[in-house]
Every structure is written in C-alpha cells, then in structure tokens.
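Student: Could we go through this one together, starting from the overall fold and then working down to single side chains?
Tutor: Gladly; have the sequence and the coordinates open, and ask as we go.

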Amino acid sequence: MTPGIMIAIGLFGLFVGGEMLVRGAVAIAKAYGLPPMVIGLTLVGFGTSTPELVTSVQAALSGSAGIAIGNVVGSNIGNILLILGVSAMLLPLAVARDALWRDGTVMIAATLVLLGVVFFGEITRWIGVGFAAALCAYLFTVFWSVPKTKETPDTTVYEREAAAVPGPDMGFGAALGVAVTGLLATIIGARLLVDGAISVAEYMGISETTIGLTVVAIGTSTPELVTSVIAVRKGQGDVAIGNVIGSNLFNILGILGVTALIQPIKVPAEIATFDIWVLLAASVVLVGFARTGWRINRLEGGLFLVAYFGYFGFLFMH
C-alpha cells in the first residue's frame, strides 16, 4: 500500500470513526438521561478531539514526536483560523459572553503554559500529570459553576452543542455498537495516517513536524469542522466557537497530557521558534474579535482564512 493511499484511508477512517464515536456516545448519554450541558461540554467539544488523541499517542509510540505535538499545535491553529474562518464566512458567529470570559481565558492560559513547556524542551510524564489534572479541575469547575437551569446562556450553548450532533436517537445496544465501531475505525485510521505521513515526510524530505502541523492536523480536525458547519447551518453559530474553544483546551491539556503519560514527548525546535507563537497570536486575536460586538463577522472570518493559508504556505516554503 502506497503512503498516499495509507493517508487517504487513514483520514477517511478518522472522519467516519470520529463521527460514529461521537454519535454513539451522545446517544448513550441521552439514554442515561445525562443533562444536555454535560453532553455538550464533554462529548461534543471534547469527543470530536478523539482523532487527535489517538493520532498523537500513535505518533509518540512510533518515536515521531514532531507528528505528536505538531498534530496538536496545528489542529489548534486550524480550529481557530480555518474552522472558525469557514464558519464565520457562512454565518456571523454570535458569542456567549460568560462562556467566552471563562473558557476563552482558560484557553489562552493553557496556551501560555504550553509555550513555557515548549521552551523547556520536553513534555515529561509529570507535566502530563499536571495537564490532565488541570483538565479535570476545569471540567469540575465548569460543571458546578453553571446553574442547572435552561434560562442561562451557558446552558443554552451546551444544549445546542448536544443538539448539533447529527443523527437520529438509537437504543443503548445500537449506540454502544456505533461508538465501539467508531473507536476501532479511529484507531486503525490513526495508525495508517501516522505511518503514511512518516513515509511521505521521508520521501519528500519534509520534516515530520511540518507534516504533523498540516496534513495530519487538518485530517484530525475534520470532526470539529463538520460539527461547526452543521451548527452554523442550523443557525447556532455560538456552538462553533464553543466547540473550537473546548477542543483546543482538550488538545493541550487532555491529548498532550495523556500522550506524555504514555510516552514523554521531545519538542522539535521549529515548534518553539515559530508555530507556538502563531497559536498564541491566533488565540488572542480570537478572543479580541469575539469581544468586538460579541460576534465574529464575515470580514474577521475572511481574515482568519487568509492568515491560515499564509501560514500553511509558509510552512512548505521553509
């Protein structure tokens, strides 16, 4: 099997597997009567990051640190500049103020912590423990700080995130089967994608980090793109922003935390000198744009897209 075919099949497996996993998990959660807020906060925003998690773990175990961390940094950059750019071009995105203040602040804080870790040069197991603990603390704080009433803006956002997941309701057995099948497809897809990406990088003389920041990152971000576009088409633009912020938080604290616990990650030099700064700038600009009129308009979405394609081109020119 050629590397190109491996990458194509891997991306398809991640897309289908991620979708099935989220649909099955949400159906199980609904069957057990979990609140929509919990479903939206954990299973949608974080569940769509499963491809990134499996791919980074596979890459780290294969000794490809550039793909492991490049996947996370590149996915977060793509989530903001590409996914929100596309979403805002389709429909100006309304912003839930309370959620932005809390979650946006935590996202920037997590990015700043990652900046410090990148300059340290390695994501050790102890750092992984700290990241995972911080994620658990964040989830606990959000769950208990949001009033359990349907009238609150935050609850509305999470309910809409849960409703944005496509697909009909299903019984517990069917939902479990869909979720397990999706997880297996995601694991197999990640394995093929990582192996194919490593082969392409070696053949073309491109660094594994660049492949991780671009091809792998875009592929693993597909579930976030699909969920955000579906939400926008339903007129629920605030879900797109909540989905991206939630995914970015999970990518840093959850994916890098779990990956480092399994296999410590050496940070490639190019991440520290350029890409982490692009991610920090994109995160700050996102919060800044969101605060202007509490929406991201089409012009700002267009600027996001221009910035992303400029960044993408820069990576392959150097």
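**Contacts, helices and side chains**

Tutor: To begin with the chain as a whole, among contacts with a separation of 6 or more, 86% are between residues 24 or more positions apart. Please keep in mind that this is a predicted model.

Student: How many helices and strands does the protein chain have, then?
Tutor: The protein chain has 13 helices and four strands, and of its 318 residues, 55% count as buried.

Student: Let's take α4; what length does it reach against what's expected?
Tutor: Helix α4 covers residues 65–90, which makes 26 residues, and it reaches 36 Å from its first C-alpha to its last, close to the 38 Å expected at 1.5 Å a residue. It does have a kink of about 35 degrees, centred on N79.

Student: Is α4 mostly covered or mostly open?
Tutor: Mostly covered, since 23 of the 26 residues of α4 are buried. S87 lies in this helix and counts as buried at 0% relative accessibility.

Student: What is S87 in contact with?
Tutor: Leaving aside neighbours within four places in sequence, S87 is in contact with L93, S228, V232 and A240.

Student: Switching helices, why does the span of α12 look right?
Tutor: Helix α12 runs over residues 269–291, and its 23 residues should span 33 Å at 1.5 Å a residue, so the 34 Å between its end C-alpha atoms agrees with that.

Student: And where does α12 bend?
Tutor: The bend is at D275, and it amounts to about 40 degrees. Just after α12, G293 takes a positive phi of about 80 degrees.

Student: Moving on to α13, what does R298 touch?
Tutor: R298 is found in helix α13, residues 298–317, and, not counting residues up to four places away in sequence, it touches A88, M89, L90, L91 and P92. R298 and L90 are 208 residues apart in sequence, yet their C-alpha atoms are 7.6 Å apart in space.

Student: Which backbone oxygen does the R298 side chain reach?
Tutor: The side chain of R298 reaches the backbone oxygen of M89, at 3.0 Å. R298 itself is partly exposed, with a relative accessible area of 43%.

Student: Okay, charges now. How many salt bridges does a search of the whole structure find?
Tutor: The search finds two salt bridges. As background, side chains of opposite charge can pair when their charged atoms come close. One salt bridge joins the side chains of R102 and D103, at 2.8 Å from N to O, and D103 counts as buried at 8% relative accessibility.

Student: Which side chains meet at 3.4 Å, N to O?
Tutor: Those of K266 and E122, which also form a salt bridge. K266 lies in strand β3, residues 265–266, and E122 in strand β2, residues 122–123, so the pair ties together parts that are 144 residues apart in sequence.

Student: Are those two buried or exposed?
Tutor: K266 is exposed, with a relative accessible area of 53%, whereas E122 counts as partly exposed at 22%. The cut-off for buried is under 20% relative accessible area, so the value for E122 falls outside that class.

Student: Last topic, the rings. How many aromatic pairs does the structure hold?
Tutor: It holds eight aromatic pairs. One of them is F289 with F304, a tilted pair at 5.4 Å centre to centre with 35 degrees between the planes. F289 lies in helix α12 and F304 in helix α13, so this pair ties together parts that are 15 residues apart in sequence. F304 is buried, with a relative accessible area of 2%.

Student: What about Y308 and F309, how do their rings meet?
Tutor: Y308 and F309 form an edge-to-face pair, with 6.0 Å between the centres and 70 degrees between the planes. Y308 is buried, with a relative accessible area of 2%, while F309 is exposed, with a relative accessible area of 53%.

Student: And which residues do ring pairs link into a cluster?
Tutor: The cluster linked by ring pairs consists of F274, Y308, F309, Y311, F312 and F314.

Methods. Residues are numbered from 1 along each chain as its sequence is written. Side-chain values use heavy atoms; hydrogens and water are left out. Helices (H or I, at least four residues) and strands (E, at least two) are DSSP runs, numbered from the N terminus. The expected span of a helix is 1.5 Å times one less than its number of residues. The bend at a residue is the angle between axes fitted to the seven residues ending there and the seven starting there. Buried means under 20% relative accessible area, exposed over 50%, partly exposed in between (1.4 Å probe, protein chains only). Contact means heavy atoms within 4.5 Å. A polar contact is a pair of N or O atoms within 3.5 Å; within protein, one must be able to donate a hydrogen and the other to accept it, and residues adjacent in sequence count only if both atoms are side-chain atoms. A salt bridge is a side-chain nitrogen of Lys or Arg within 4 Å of a carboxyl oxygen of Asp or Glu. Rings of Phe, Tyr and Trp (its six-membered ring) pair if their centres lie within 6.5 Å; planes under 30 degrees apart count as stacked, over 60 as edge-to-face and the rest as tilted.
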